[in-house]
Amino acid sequence: MTAQDTTEDTLVVTERAAKEFKHIVTQKGLPETTAMRLSVKGGGCSGFEYQIDIEHNEADEFDIESLQHGVRVVIDMKSEFYMAGTTIDFNDSLMERGFTFKNPMASGTCGCGSSFSV
Amino acid sequence: MSEKTGDVVIGIDLGTTNSLAAIVGKDGPRILTREDGAALIPSVVSFLDDGGHLVGEEARARSVTHPRSTVHSVKRLMGQHLEEVRRREGDRLGYEVVATEDSELARVRIGDKLYTPQEISALVLREVKRVAEQALGHEVEQAVITVPAYFDDSQRQATRDAARIAGLQALRIVNEPTAAALAYGLDTSREGTVVVYDLGGGTFDVSVLKITQGVYKVAATAGDTHLGGDDFDHEIMDRILHAVRDHVSATATIPVEALQQIRLSAEGLKRQLSERQDAHLEIDLGLDEPIAFRITRQEFEAAVRPRLDETLACCRAALKDAGVTPDQVDEVVLVGGSTRIPLVRALVEEMFGRTPHTELDPDRVVALGAAIQADVLSGGNKDLLLLDVIPLSLGIETVGGAFAKLVTRNSTVPARATEMFSTSVDDQTSIEINVFQGERELVRDCRPLGAFKLRGLPGMPAGLPRVEVTFLVDADGVLTVKAREQRSELEASIDVVPSHGLTRDEVKDIIRDSIKEARSDFAARELIELRNKAHNLATGTRRVLAMPEMPFTDAQRKDIEDDLARLDTLSKGEDVAALREACDAFGDKTQALADQAIGEAIKAELNREQSRLPS
């Protein structure tokens, strides 16, 4: 089951990030209801890395779900504990292209933290 | 649609009592019938004296005359130990079940030949394949096969093996209740909660399914792999035997042929009692006169009521597990021949307060659902998604006992993930890959699944080997872990089935714990990562210090050694913040030193070059 729909303050997906995600979903021919799955994973150069995945399945009772700029955003409660306050943005400059994570509470952020696996 | 030669995939319900095949054609799913129009193929194999064998109806007919060479209900033996089979079945099977010196697993002995249950099951599957090919007019090589929800790993594997022996590739093993729900979900995309009550010949399953936007999800299951129509037959059979005992001397043994005849008669009486209030039978044992036996529906219902109450208890347990009350259930589906018994329908209706679905033939529902799943796999129907979800994350142990997740919980099978790993010690010639399952950050809090070694690596400095670890969970839920060192091209792998011994409750507890322990887990994980970082910094720095050409002053060397000693002390402690700070500070400092060292080295090299120039 889902969804305590109370995540407005804890996780922010910017309009640019949402738009890019929708673009990827369309490109892959996936249903519009496909969700963005956020998680944090041990490992990586700063101890933990953030991850964005395409979620084909329904959120379950251990997930928190929110709707941001028309995108279903799902995060498991454990990752939410770590990622609370993070802003997920999308950067599309000449130098750098990709999703970025900014967490004011984190001790250090890391450029390699945005892996996008499908 | 998929009804063409080559990549056609059929659905098979491999039942305890009967088996049958179905396919999705232009007009939807349909059962593949025999030349004579029969759909159900009795799951019975009878071995002939000349070495041949019969399968299906012809074999079933011989079970009376040749009980010891006729094998029925072999599904009850699949992947089971002899002890277990003996305990459950007693002497009711009629044929001989044995174990061998090197295996406790049950085998069937016919004359002087031993057969595994898989081999016998394969003979049934080969007949199903033959019927399907005859009905379709072309070869069939791939199938979706259903099993009871409670089949464990070895039973599922045995089913796959049987298919392979029969010349069929089992693309997916599907739980029977899920297949039944698929069959009923065809016409509309229902939303809500569905209970599938499946009382077949040998197994009982109840599943609570939640359906959203046409997506099925099993919310809870319960059941008993040894509860079904056979048990009801036995109730009647015991009563018949009791009646027979009244007519023969207490010490007389009843011939096995007669026992088989009584078994078949008991089943016939049971069927009659679904239509009528009483049924009777005359048993001819070659005595002066036949023995008369009569049983009323009321007597039958009283006899089977305790077993039916068990099924209701399972229903309540499954509902509780799924967190729904009976009145929150939108649909109830009845599956399995035994749901024709009026009392079953009445009890289920009473429990859920609604009339259960019986529109589809309860003997055919599962095969039809399997055909729909087969159609999905062969690409004919892309709209429907059957969730085969990985319940707990899968990964390996990394330095310091950390758990590196590769496949995350909730991924749909087949799933694949690859990650690069390296060594943390110089000259390592073997790498041990420990595979775990769980949601915590440390492997000591996860379930071990298996381990293997990548051996014979050429000694390399720490961090240099590139070990590509690949996790692949196939459609059947089998996990293959492969490790490959890219420079040496050495590889090793392991196959494991992430244990189905876990109950849904246990999975939930494991996830709940991971949330409850999140704070301490993240801290412990960070400590491990920092210790690794400190270790790597120290190794790298010592390597540089050992280079003879490095122009560090004694004071600088002492300073670095002091810092390393401090890092070492902090690494042994638990103070995450202090270690993080020390790592960062040391990193900055050695970066400056490294820059200086490289500069000096280049200068020295240039000087040397100059001194070698001809003057």
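Biologist: Which residues in α6(B) meet B:F300, B:A303, B:V304 and B:R307 in α8(B)?

Modeller: They are B:D231, B:F232, B:E235 and B:I236. Two residues are in contact if their C-beta atoms, placed from the backbone, lie within 7 Å. Before we go on, a word on the source: this is a predicted model, where local features need pLDDT of at least 70 and side-chain atom pairs count only at pLDDT 80 or more, while totals for chains, interfaces and linings use all residues. Residues are numbered from 1 along each chain as its sequence is written, and chains are lettered from A and ligands numbered from 1 in the order in which they are written.

Biologist: Happy with that! Why are α6(B) and α8(B) called oblique to each other?

Modeller: Helix α6 (residues 229–245) and helix α8 (residues 297–322) of chain B cross at roughly 135 degrees, with axes that come within 10 Å. Axes are lines fitted to C-alpha atoms, for helices over the stretch in contact, and angles run from 0 to 180 degrees between N-to-C directions. Under 35 degrees is roughly parallel, over 145 roughly antiparallel, 65 to 115 roughly perpendicular, and the rest oblique. The value falls in that last class, so the pair is oblique.

Biologist: What is the hand of the crossing of α6(B) and α8(B)?

Modeller: Right-handed. A crossing has that name if the near helix is turned clockwise from the far one by less than a right angle, and is left-handed if anticlockwise. The crossing of α8(B) and α9(B) is right-handed too. Those two helices pack at an angle of about 35 degrees, with their axes 11 Å apart. B:E301, B:L308, B:L312 and B:C315 in α8(B) meet B:L343, B:V344, B:L347 and B:M351 in α9(B).

Biologist: What makes B:S73 buried?

Modeller: B:S73 has 20 other C-beta atoms within 10 Å. A residue is buried with 20 or more within that distance of its own, exposed with 12 or fewer, and partly exposed in between, with C-beta atoms placed from the backbone. The count meets the first cut-off, so B:S73 is buried. Its phi is near 50 degrees, a positive value in a residue other than glycine, and B:S73 sits in the loop between β7 (70–71) and α2 (82–89) of chain B.

Biologist: How do you know whether B:D427 is buried or exposed?

Modeller: By the count again: B:D427 has 11 C-beta neighbours inside 10 Å, so it counts as exposed. B:D427 also has a positive phi, about 55 degrees, without being a glycine. Its loop runs between β22 (415–421) and β23 (431–437) of chain B.

Biologist: How many helices and strands are there in chain B?

Modeller: There are 14 helices and 27 strands. Helices (H or I, at least four residues) and strands (E, at least two) are DSSP runs, numbered from the N terminus. Chain A has two helices and eight strands.

Biologist: Why does the largest nonpolar core lie between two domains of chain B?

Modeller: A nonpolar core is a set of buried Ala, Val, Leu, Ile, Met, Phe, Trp, Tyr and Cys residues joined through C-beta atoms within 7 Å. The largest has 109 residues, and B:I10, B:A22 and B:Y197 have the most contacts inside it. Domain 1 (9–228 + 304–386) and domain 2 (229–303) of chain B both give residues, so this core lies between them. The domain bounds come from an automatic or database domain assignment.
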